[in-house]
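Me: I have a structure open and would like to go through it in short questions. Please keep the answers plain.

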Amino acid sequence: MILTYIETRDNKIKKASLEALSEAGRIAAELKTEAAAAIVGTGKEGLTAELAACGAAKVYLLENAAFDQYSTQDYAAALADLVKKTGPSAVFFSATSMGKDLSPRLAARLGVGVASECTQVAVKDGQIEFTRPVFAGKALLSFRLTSSPQIVSLRPNVFPLAQAAGAGELIKEAAEVPASPATGRVTEILQERGGEMDVTEADIIISGGRGMKGPENFGLLKEISELIPRSAVGASRSAVDSGWIGHQHQVGQTGKTVSPNLYMAFGISGAIQHLAGMSSSKVIVAVNKDPDAPIFKLADFGVVGDLFQVIPPLKEELKKLRS
Ligand code: FAD
């Protein structure tokens with residue numbers, strides 16, 4: 001069996017978790033086994049159908065009211081217990097902030113290896129082979145894990161959602177709180193101002209760099225984003241370090257890794273550390289006044305010109321499309 005950890009927020013399943021489950025289902029089918037999902041917390045019974053629709057034959061609900069707030073240690077302990085009970089050959093996570101926090105912790109508890117931020121998973125000679133970008137996205141590494149279960153995190157927005165027909169069996173497990181108290185616990189979740197979408201979850205990212213010239217001009221990118229459903233505003237580290245926009249918007253090696261359907265880079269030169277966070281975007285559009293800017297080497301479409309001349313007509317066209 002291949003188990004997938006399912007992340008929820010406000011009792012809604014994160015799309016990235018459904019992607020990981022879908023991929024687990026595809027790999028499980030190739031290995032002639034089944035895919036299962038694990039959710040931690042209470043009151044999640046209603047989510048079974050959605051998980052079954054992405055290929056979960058079984059849904060394990062690890063219940064304990066103490067787990068309604070995330071804690072790395074408690075969740076890792078609950079998942080380790082489930083792994084010991086059910087014996088999956090692999091446990092899939094999405095490489096969200098929580099997935100990147102929890103998957104190595106689970107691997108350490110079980111004394112096994114972890115394949116993090118994979119962008120491809122395949123079955124070769126009956127074994128799972130993983131591929132992930134290395135050296136800030138300069139090269140791709142394909143490898144296998146020899147320990148079992150194999151702990152894997154998958155980059156969000158890379159793997160397609162599955163459409164399965166099964167009903168999904170719900171199995172409730174009373175999760176134990178570990179005897180030693182957790183040393184870290186989430187105490188509060190602050191909503192992004194104005195309910196903005198996180199860049200890691202957006203289908204389209206409108207990103208700005210030092211070429212935006214100042215914080216007030218990020219408002220232009222926000223106006224464009226407001227016209228596009230499921231979009232978010234991203235930024236280079238230069239813009240973030242200048243205090244023009246919050247760090248949660250930063251894309252790159254020391255920011256977030258994103259793989260949207262469309263990444264629009266305004267006034268971003270394309271330094272290797274920025275590319276490390278967005279090079280797996282499906283379509284990249286760059287607007288830069290320097291024709292030699294490195295971003296153009298990666299871009300699918302480019303505009304050599306002043307972004308302040310490009311943004312207003314773009315906004316008008318988007319408005320027309322929306323009306
Ligand atoms: P610049 O490189 O200054 O580029 C600005 C661009 O805007 C230029 O290409 C210019 O031609 C263009 N421009 C200016 N005016 C206009 C205009 N009117 N119209 C159109 N184009 C215009 N960077 C990240 O982004 N993310 C990271 O996570 C990250 N992590 C790092 C980690 C380390 C350890 C280090 C050393 C660096 C990291 N960096 C990161 C920084 C990175 O090296 C670059 O300095 C940074 O990405 C540059 O940001 P920028 O492209 O906005 O600015």
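**The ligand and its surroundings**

Me: Where does the ligand sit?
Reply: The ligand sits in the second largest pocket. A pocket is an open set of points on a 1 Å grid over the protein atoms alone, where a 1.4 Å probe fits, with protein on both sides within 12 Å along at least five of seven lines. To sit there, a molecule needs more than half of its atoms within 2 Å of the grid points.

Me: Is this predicted or not, and how are things counted?
Reply: This is a predicted model, where local features need pLDDT of at least 70 and side-chain atom pairs count only at pLDDT 80 or more, while totals for chains, interfaces and linings use all residues. Residues are numbered from 1 along each chain as its sequence is written, and side-chain values use heavy atoms, with hydrogens and water left out.

Me: Which residues come nearest to the ligand?
Reply: Arg-210, Ser-236, Thr-254, Ser-269 and Asn-288 come nearest, out of 26 residues around the ligand. To count as near, a residue needs a heavy atom within 4 Å.

Me: What polar contacts does Asn-288 make with the ligand?
Reply: A polar side-chain atom of Asn-288 is 2.7 Å from a ligand oxygen atom. A polar contact is a pair of N or O atoms within 3.5 Å. Polar backbone atoms also take part: one of Arg-210 at 2.7 Å from a ligand oxygen, and one of Arg-237 at 2.9 Å.

Me: What classes of residue are in the shell?
Reply: The shell has five nonpolar, 15 polar and six charged residues. Asp, Glu, Lys and Arg count as charged, Ala, Val, Leu, Ile, Met, Phe, Trp, Tyr, Cys and Pro as nonpolar, and the others, Gly among them, as polar.

Me: New topic. How many helices and strands are there?
Reply: The protein has nine helices and 17 strands. These are DSSP runs, with at least four residues (H or I) for a helix and at least two (E) for a strand, numbered from the N terminus.

Me: Where is Pro-149?
Reply: Pro-149 is in the loop between β10 (139-143) and β11 (150-154). A cis peptide bond joins Ser-148 and Pro-149, with omega about 0°.

Key: Polar contact = N/O pair within 3.5 Å; in protein donor to acceptor, adjacent residues only side chain to side chain. 1 Å grid on protein atoms, 1.4 Å probe; cavity = no way out; pocket = protein on both sides within 12 Å on 5 of 7 lines; lining within 4 Å.
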